[in-house]
Amino acid sequence: MQQKTTFLAFIALGVIWGSYFIFMKWAADFITPTQITMLRVVFGFIPLVLVAFLTKSLAWAHLRHWPHFIAMALLATALYYFAFAKGTGLLPSSVAGMLSGSIPLFTFLAALIFLRGEPVNVHSVSGTLLGFAGVVLIAKPWHAGPDQISLEGVLYMVGGALSVGLSFVYARKFVKPLMLNPMALATYQTGTALVMLLLITDIGGIAPVFGDTKAMLGLILGLGILGTGVAYIIYYFLVNQMGAIAASGVTYIPPVVALIIGAVFVGEDIRGLDIFAMGLVLTGVWRVQVARQNAL
């Protein structure tokens with residue numbers, strides 16, 4: 001029964017992470033990327049803080065680590081969410097989802113630069129090269145005309161992937177030694193980001209998104225409650241059940257889900273080259289993970 005629950009949670013998390021690109025796309029028709037980010041964090045913080053209180057994960061003594069909460073709030077929440085919201089607004093949702101699959105590649109590069117002991121071998125080098133070749137093929141910078149992919153949108157997606165990649169390295173180097181409960185860390189990180197975003201976000205013109213049922217439900221339920229709050233809770237459940245390396249395999253699912261949603265439910269034009277490029281990214285991620293597993 002426990003294995004079935006873990007498997008279902010694994011699939012559910014992949015679907016949740018893969019579907020939020022279309023929700024960002026819908027919201028982008030009405031409000032700015034900063035407003036999308038702020039509302040996502042608002043509604044994502046609610047389930048997190050409730051579970052944290054119910055599990056008694058929070059403690060006043062944790063506040064002495066506030067500099068680390070600020071760093072994680074910036075890298076793993078505010079900048080990451082903003083960059084993805086901006087990039088998704090400029091790209092087809094399927095393309096944005098496929099580019100999100102590059103996160104583990106940027107995590108590897110950041111770890112290679114800032115941490116000792118990251119494996120450098122045939123698997124890791126070839127995986128990184130394959131992955132970035134896939135990103136280039138998705139972006140198609142040589143392609144001109146009305147179907148041209150927004151280079152600005154691609155750069156925002158890459159920037160978001162780099163930001164969250166750096167956050168994993170920061171957490172491993174500075175936060176992991178603190179031995180904080182993961183639920184507490186997620187709550188502090190998201191709550192700190194919420195305060196930052198409330199201070200800088202102009203809420204003028206934010207009302208129209210609540211006048212469109214599809215965009216409102218996508219933003220509140222799909223992007224906020226499920227895509228942020230519940231996703232954190234499921235992810236840490238998987239880490240506890242499967243271990244961090246096995247749980248990271250969930251990153252293979254979102255690009256595929258985003259591709260299917262874009263092609264089947266939205267009618268976005270998906271070509272064979274796009275599928276091939278996504279395959280290169282996922283193969284690259286797999287090879288980098290193999291290198292890490294072999295190094296353990």
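A salt bridge is a side-chain nitrogen of Lys or Arg within 4 Å of a carboxyl oxygen of Asp or Glu; the legends below, which include one such pair, describe a predicted model.

**Figure 1. The salt bridge between aspartate 269 and arginine 271.** The closest N and O atoms of aspartate 269 and arginine 271 are 3.2 Å apart. The structure holds one salt bridge. Aspartate 269 counts as exposed because its relative accessibility is 54%, over the 50% that the term requires. Arginine 271, at 38% relative accessibility, is classed as partly exposed. Side chains of opposite charge can pair when their charged atoms come close.

**Figure 2. The fold of the chain, with 12 helices and zero strands.** Read along the sequence, the pattern is α-α-α-α-α-α-α-α-α-α-α-α. The C-alpha trace spans about 55 × 50 × 40 Å along its principal axes. For 296 residues, a compact globule would have a radius of gyration near 19 Å, and the value of 19 Å found for the chain agrees. Of the 296 residues, 51% count as buried. Contacts between residues at least 6 apart in sequence join, in 88% of cases, residues at least 24 apart. The accessible surface of the chain comes to about 13800 Å², and 71% of this area belongs to carbon and sulfur atoms.

**Figure 3. Confidence of the prediction along the chain.** The average pLDDT of the chain is 88, and 93% of the residues score at least 70. Among the elements of the chain, α2 has the highest mean pLDDT, 96, whereas helix α10 (residues 244-247) has the lowest, 63. Where pLDDT is low, the predicted coordinates should not be read in detail.

**Figure 4. The surroundings of glycine 44 in helix α2.** Helix α2 comprises residues 33-54. Glycine 44 has a relative accessible area of 0% and is therefore buried, the limit for that class being under 20%. Beyond residues up to four places away in sequence, glycine 44 touches Gly224, Ile225, Thr228 and Gly229. The C-alpha atom of glycine 44 is also separated by 8.9 Å from that of leucine 221, a residue 177 positions apart along the chain.

**Figure 5. The surroundings of threonine 6 in helix α1.** Helix α1 covers residues 2-28. Threonine 6 is buried, with 11% relative accessibility. Its contacts, leaving aside neighbours within four places in sequence, are with Phe237, Leu238, Gln241 and Met242.

**Figure 6. The nonpolar surface patch made by Leu112, Ile113, Phe114, Val120, Val125 and Leu129.** The patch has an area of about 600 Å². Helices α5 (103-114) and α6 (122-139) each supply at least two of its residues. The largest share, three residues, comes from α5. Phenylalanine 114, one of the patch residues, is found in helix α5. At 48% relative accessibility, phenylalanine 114 counts as partly exposed.

**Figure 7. The contacts of threonine 128 in helix α6.** Threonine 128 has a relative accessible area of 10% and is thus buried. Not counting residues up to four places away in sequence, threonine 128 touches Leu105, Phe108, Leu109 and Val288. Helix α6, in which threonine 128 lies, also supplies at least two residues of the nonpolar patch.

**Figure 8. Lysine 56 in the loop between α2 and α3.** Helix α3, which follows this loop, spans residues 66-90. Lysine 56 has a positive phi of about 55° although it is not a glycine. With a relative accessibility of 76%, lysine 56 counts as exposed.

**Figure 9. Methionine 179 in the loop between α7 and α8.** The loop is flanked by α7 (151-175) and α8 (182-200). Phi of methionine 179 is near 60°, a positive value in a residue other than glycine. The relative accessible area of methionine 179 is 70%, so the residue is exposed.

Notes:
Residues numbered from 1 in each chain as written. Predicted model: local features only at pLDDT ≥ 70, side-chain atom pairs only at ≥ 80, totals over all residues. Heavy atoms only, no water. Helix = DSSP H or I, 4+ residues; strand = E, 2+ residues; numbered from the N terminus. Buried < 20%, exposed > 50% of the residue type's maximum accessible area, 1.4 Å probe, protein only. Contact = heavy atoms within 4.5 Å. pLDDT = per-residue confidence, 0-100. Patch = residues over 30% accessible without salt bridge, like charges linked within 9 Å, V, L, I, M, F, W, Y side chains within 5 Å. Areas by Shrake-Rupley, 256 points an atom, 1.4 Å probe, with all protein chains shown as cover. Rg over C-alpha atoms; globule rule 2.2 N^0.38 Å.
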